[in-house]
Amino acid sequence: MPREERAGMPETDGSDPLERHRVALTGYCYRMLGSPFEAEDAVQETLVRAWRSLDRFDEDRAPMRSWLYAIATNVCLDLLRGARRRARAIDLGPSAQAGPDLGPPLPPDAFVRPVPDGRVLPAGGDPADLAAQRDTIRLAFIAALQHLPPRQRAVLILRDVLCCPADEVARLLDVSVASVTSALQRARTKLKAASLSAEDPYQPMDEAQRLLLARYCDAFERYDVEAMMALLHEDAVMSMPPFPWWLRGRAEIRRALLSAGRPCAGARLVPCAANGSPAFAQYRPGPDGRQAPFALVVLTLSGGLIAEVTNHLDADRLFPLFGLPGVLESPARVR
């Protein structure tokens, strides 16, 4: 629902019984839709519909969580009707060779887009549960979900990610428990067949990972290509949505960075968190000497090295979503 049409819904302060479910609903809708912007719109529409029907809500028939997920599912299914499947660049074609031609950019709805952890993950809670939730917002997992038909996708997320009982899922989807069980089995089979990256299961950041990220940040800001390459897996992947272009292999990435000159010389990286993974906001120096947004860089770590670098170039939309400054006043470090 466009924001100008939401005037009928009152502002909330976080104590509203509906508003308390916003983060969980956003996580659900993001997994369904693959876009944080569409997810936020879907959640807002869900809360508007729920508020308008609040006088008819019967807690004896279903808990509020289940009721809200039922509304959110219908909103997402409406949005997915006729929509193209979002993907990562590596799902769209073979790897490229290093060179200046990236090809034409694709529309924004072609790609799975990153989301801030705080928008979709609960604050606090059991560390093991939170680690499992982080694994289910990884870019590779979100892209794999998009291979499923929308209703199968909903069943798998509700059952395997959100751990809703089968009878609850059956009620909120208005189907039988047998239908839920059958859809879940088919969804699991298709998900296993989908391409997933070999990233490590989520673990709290340890000293070795912090050192790896610090070394990568230092090497990037100095644009020391050889130092960066030493931190990548031999078969690492690099991509730059919205371009379908992507590279596989440390040697190919090295050739691409060296042949490009020094376009990122003087850049700065600001740490953030996206999709349960380490990420950086990349700023590049402008003509006025200030640092301007360029890309949101999401890293996949595996085996103590960097396995994937995804440079999301739609910084103008992503940086405000992540609460990142629109400009860095301090000059870049130059060595």
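These are my notebook entries on one helix, one proline and one annotated span in a predicted model.

**Helix H10**

I looked up the extent of H10 and found that this helix runs over residues 207-222, which makes 16 residues. From its first C-alpha to its last I read 22 Å, close to the 22 Å expected at 1.5 Å a residue.

I then checked both ends. At the N-terminal end, Asp-206 acts as the cap, with a side-chain oxygen 3.2 Å from the backbone nitrogen of Ala-208. Just after the helix, I noted that Tyr-223 has a positive phi of about 50°.

Next I asked which residues of H10 are buried. I recorded Leu-212, Leu-213, Tyr-216, Cys-217, Ala-219, Phe-220 and Glu-221 as buried. The list thus holds a glutamate, Glu-221, alongside residues such as Leu-212 and Phe-220. I also looked for what covers these buried residues, and the cover includes helix H11 (225-229) together with strands S3 (268-274), S4 (277-285), S5 (291-302) and S6 (305-312).

**Annotated span**

I consulted the UniProt record, an unreviewed entry, in which the annotation "domain: SnoaL-like" covers residues 214-308. For residues 214-308 I noted 25% helix and 45% strand. The end C-alpha atoms of this span lie 16 Å apart.

**Pro-108**

I located Pro-108 in the loop between helix H3 (64-80) and helix H4 (117-120). Leaving aside residues up to four places away in sequence, I found that Pro-108 touches Arg-86 and Arg-113. I also compared Pro-108 with Trp-245: the two are 137 residues apart in sequence, and their C-alpha atoms are 14 Å apart in space.

Note on methods
Residues numbered from 1 in each chain as written. Predicted model: local features only at pLDDT ≥ 70, side-chain atom pairs only at ≥ 80, totals over all residues. Heavy atoms only, no water. Helix = DSSP H or I, 4+ residues; strand = E, 2+ residues; numbered from the N terminus. Expected span 1.5 Å × (residues − 1). Buried < 20%, exposed > 50% of the residue type's maximum accessible area, 1.4 Å probe, protein only. Contact = heavy atoms within 4.5 Å. Polar contact = N/O pair within 3.5 Å; in protein donor to acceptor, adjacent residues only side chain to side chain. UniProt positions renumbered as here; feature names shortened; annotations may be inferred.
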